[in-house]
Amino acid sequence: MSPSTTLRRRLHHGDVDGRRREHYDSSDFGSLGEPLLGNHREYGDRHSEQYSLEELLDDQGRKVNLHWSFIFSQLLAQWAQWLANIILGSRSLLGRLVGPAFTSQTPILAPALTSLQEERLRQLQSRLKVPFDGSRIEHQDALKQLWRLAFPNRELPPLKSELWKEMGWQGTDPSTDFRGGGYISLENLIYFAEKYPDSFQCLLHKKDGQRAEWEYPFAVAGINISFMLAQMLDLQSGKPTSRAGARFLELLAQDEMAFDNLYCIAFLMMDAQWLAKRASYMEFNDVLKSTRTQLERELGLEDVCSVKDLPAYNLLRR
C-alpha cells in the first residue's frame, strides 16, 4: 500500500494523529457554539469547466506536490512525538500508573511573560473582542478591500449582491456570516491575501487537487479557522494556560503577526486535509477538527521557535 493510500485511509477514519477521541469544545464562544458552516444548501452553484491536457497535467503535478508536502508534515510531527514519548516516558508503566499522558490542551501554569509578550497579547486579545459591524464605514471598507484583493480585475459589487457568493459567503450580505467570528476574521483574510497572494488565490479558486462536487465556501471557512485558532490557543483567558497557547506566546515574542501567519498556515493545512479526506461540504467540521489536531502537534515540536519552523509552513507559496 502506498503512503498516500495509507494516509487517506487513516484520515477517512478520523485518526489523523493516531487517536480517535479528540474533543472539540466551542461552548466558550456563545453564539459560536454551533458551526459557522450551517446547512445552507443554496450555496455552491455548479460550474463545469473544460480543461486541456496540459492543464490537467499541471493540476496533477500541483496535487502530487501538495500531497507529499502534507505527508511529510505529518510524518515529521509523528516522529517527533514518538521521540518525545521515549524521552519523557509518557507511555512507560510509571506514566500509566500515575495517569493519562498530557495533551496540548492539558492546563499548565501560566508562563511568565516579558513586557513585549504582554503588550502583544493584550493587542491581540483586543482585536478578538471587536465584533464585525456592517454599519461601520471602516468595516465596510475592509470588505471592499478584500474584494479588490480577491478579484483585482473585476468591478466592486454593492455590499449586498449575489456576487459575494463567488468569494464563499453564504448569502448576498457578507455581514450576516460573521456572527461571533468578529472583525479579526476579516483582518485575517485580508492579511492572507496581501502577504501570500499566490496561496490565497489558489485556495479561493480551488486550484489544487481533485475538488469535491460540493466544496467548502472559502470566506466562511476562513471565519471558522479564525475562531478555531482563538479557541485552540486559549486566547479568551487572561493568559493562555494550554500547552498550545503557551507555545504560541513564545512565537508571539518573535513575531508580532504570529496569529495572522498561523492563520494562513492553518488555512492551507485545512485544505490539504480536505483533499486527503476527499471531503465534501457536510464534512467540513470533521476536517477542521483534524486540522486543529495536526496544528497542535506541530506546535508541540521541540525545535519550533517561530512560525517558519512549523513543518506546514512549507505549504505556503511565497
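**A walk through an all-helix model**

Let us start with a charge above a ring: the charged end of Lys 206 sits over the ring of Tyr 216, at 4.4 Å from the ring's centre. Keep in mind, as you look at this contact and the others below, that the model is predicted. A second arrangement of this kind involves Arg 154, whose charged end lies over the ring of Phe 151, 4.9 Å from the centre.

Now step back to the overall fold. The protein has 11 helices and zero strands, and if you follow the chain from the N terminus, the elements read α-α-α-α-α-α-α-α-α-α-α. There are 318 residues, and 47% of them count as buried. The accessible surface comes to about 16,400 Å², with 52% of this area belonging to carbon and sulfur atoms. If you take the contacts between residues at least 6 apart in sequence, 75% join residues at least 24 apart.

How far does the predictor's confidence reach? The mean pLDDT of the protein is 77, and 65% of the residues reach 70 or more. The N-terminal part deserves some care when you view it. Over residues 1-35 pLDDT stays under 50, and for this stretch the model has 64 contacts beyond four places in sequence. Residues 38-57 also stay under 50, and here the model has 22 contacts beyond four places in sequence.

With that in mind, let us visit the aromatic residues. The count comes to 14 aromatic pairs. One of them joins Trp 169 and Phe 178, a tilted pair with 5.2 Å between the ring centres and 45° between the planes. Trp 169 and Phe 178 are both buried. Another pair is made by Phe 218 and Phe 267: the centres are 5.0 Å apart and the planes meet at 20°, so this pair is stacked. Phe 218 belongs to helix α8 (residues 218-232) and Phe 267 to helix α10 (residues 258-277), so their contact ties together parts that are 49 residues apart in sequence. Phe 218 and Phe 267 are both buried. These two rings also have further partners, for ring pairs link Phe 192, Phe 200, Phe 218, Tyr 263 and Phe 267 into a cluster.

Helix α10 comes up again when we turn to the charged side chains. A search of the whole structure finds 11 salt bridges. In one of them, the side chains of Asp 260 and Arg 127 meet with an N to O distance of 3.0 Å. Asp 260 lies in helix α10 and Arg 127 in helix α4 (residues 115-128), so this bridge ties together parts that are 133 residues apart in sequence. How are the two partners placed with respect to the surface? Asp 260 is buried, with a relative accessible area of 1%, while Arg 127 is partly exposed, at 22%. Glu 187 joins in as well, since Arg 127, Glu 187 and Asp 260 are linked in a network of salt bridges.

Helix α10 offers another acid, Asp 271, which forms a salt bridge with Arg 211, the closest N and O atoms being 2.7 Å apart. Asp 271 is in helix α10 and Arg 211 is in the loop between α7 and α8, so the bridge connects parts that are 60 residues apart in sequence. Asp 271 has a relative accessibility of 3%, and therefore counts as buried.

The loop between α7 and α8 takes part in a further bridge. Arg 317 forms a salt bridge with Asp 208, and their closest N and O atoms are 2.6 Å apart. Arg 317 lies in the segment after α11 (284-299) and Asp 208 in the loop between α7 (197-204) and α8, so the pair ties together parts that are 109 residues apart in sequence. Asp 208 is buried, with a relative accessible area of 4%, whereas Arg 317 is partly exposed, at 32%.

One last stop is Ser 161, in the loop between α5 (137-150) and α6 (183-195). Is Ser 161 buried or exposed? Its relative accessibility is 14%, so Ser 161 counts as buried. From Ser 161 to Pro 174 there are 13 residues in sequence, and the two C-alpha atoms are 9.0 Å apart in space.

Note on methods
Residues are numbered from 1 along each chain as its sequence is written. This is a predicted model: local features need pLDDT of at least 70, side-chain atom pairs count only at pLDDT 80 or more; totals for chains, interfaces and linings use all residues. Side-chain values use heavy atoms; hydrogens and water are left out. Rings of Phe, Tyr and Trp (its six-membered ring) pair if their centres lie within 6.5 Å; planes under 30 degrees apart count as stacked, over 60 as edge-to-face and the rest as tilted. Buried means under 20% relative accessible area, exposed over 50%, partly exposed in between (1.4 Å probe, protein chains only). Helices (H or I, at least four residues) and strands (E, at least two) are DSSP runs, numbered from the N terminus. A charge sits over a ring if NZ of Lys or CZ of Arg is within 6 Å of the ring centre and within 35 degrees of the ring normal. pLDDT is the predictor's confidence in each residue, from 0 to 100. Contact means heavy atoms within 4.5 Å. Accessible areas come from the Shrake-Rupley method with a 1.4 Å probe; for residues, only the protein chains shown count as cover. A salt bridge is a side-chain nitrogen of Lys or Arg within 4 Å of a carboxyl oxygen of Asp or Glu.
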